[in-house]
Amino acid sequence: MRLPSRHATEGPERAPHRSFYYAMGLTTEQIHQPFVGVATCWNEAAPCNISLDAPGAGGEKGVASAAGTPREFCTITVTDASPWATRG
């Protein structure tokens, strides 16, 4: 297969990349499965975002159950609470 994640995992020249993944706790099996990004906007900045870790965890479980390797990452989020500190 010519999956983009293979460019970072396959072949002897990618041994340093694999060592990085092993250091993050991935198994050999996980490293050789397709990597799938799971975006979340969970954070501890406001109540409206604090519960968003559950959908991300569910997405990771779904990817893993379909023989993929989930890699969760956070993205920008908007919250109503951020501007409160600047209002006089």
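Modeller: In this predicted model, partly exposed means a relative accessible area between the buried limit of under 20% and the exposed limit of over 50%.

Colleague: Why is Cys48 called partly exposed?

Modeller: Cys48 has 46% relative accessibility. That value lies between 20% and 50%, so Cys48 counts as partly exposed.

Colleague: How do you know that Cys48 is in no disulfide?

Modeller: A disulfide needs two cysteine sulfur atoms within 2.5 Å. For Cys48 the nearest cysteine sulfur belongs to Cys41 and is 9.2 Å away, so the criterion is not met.

Colleague: What does a search of the whole structure find in the way of disulfides?

Modeller: The search finds zero. Cys41 is in no disulfide either, its nearest cysteine sulfur being that of Cys74, at 8.4 Å. Cys41 counts as partly exposed because its relative accessibility is 27%.

Colleague: Why is Thr69 called buried?

Modeller: Buried requires under 20%. Thr69, in strand S2 (residues 69-74), has 1% relative accessibility and therefore counts as buried.

Colleague: What makes the pairing of the Thr69 and Gln33 side chains a polar contact?

Modeller: The limit for the N or O atoms is 3.5 Å, and the two side chains make their polar contact at 3.1 Å. Beyond four places in sequence, Thr69 is also in contact with residues including Leu26, Pro34 and Val63.

Colleague: Why is Pro34 called buried, exposed or partly exposed?

Modeller: Pro34 is at 23%, so it counts as partly exposed. Pro34 sits in the loop between helix H2 (28-32) and strand S1 (35-40). Its C-alpha atom is 6.2 Å from that of Ser5, 29 residues apart along the chain.

How values were computed:
Residues are numbered from 1 along each chain as its sequence is written. This is a predicted model: local features need pLDDT of at least 70, side-chain atom pairs count only at pLDDT 80 or more; totals for chains, interfaces and linings use all residues. Side-chain values use heavy atoms; hydrogens and water are left out. Helices (H or I, at least four residues) and strands (E, at least two) are DSSP runs, numbered from the N terminus. Buried means under 20% relative accessible area, exposed over 50%, partly exposed in between (1.4 Å probe, protein chains only). A polar contact is a pair of N or O atoms within 3.5 Å; within protein, one must be able to donate a hydrogen and the other to accept it, and residues adjacent in sequence count only if both atoms are side-chain atoms. Contact means heavy atoms within 4.5 Å.
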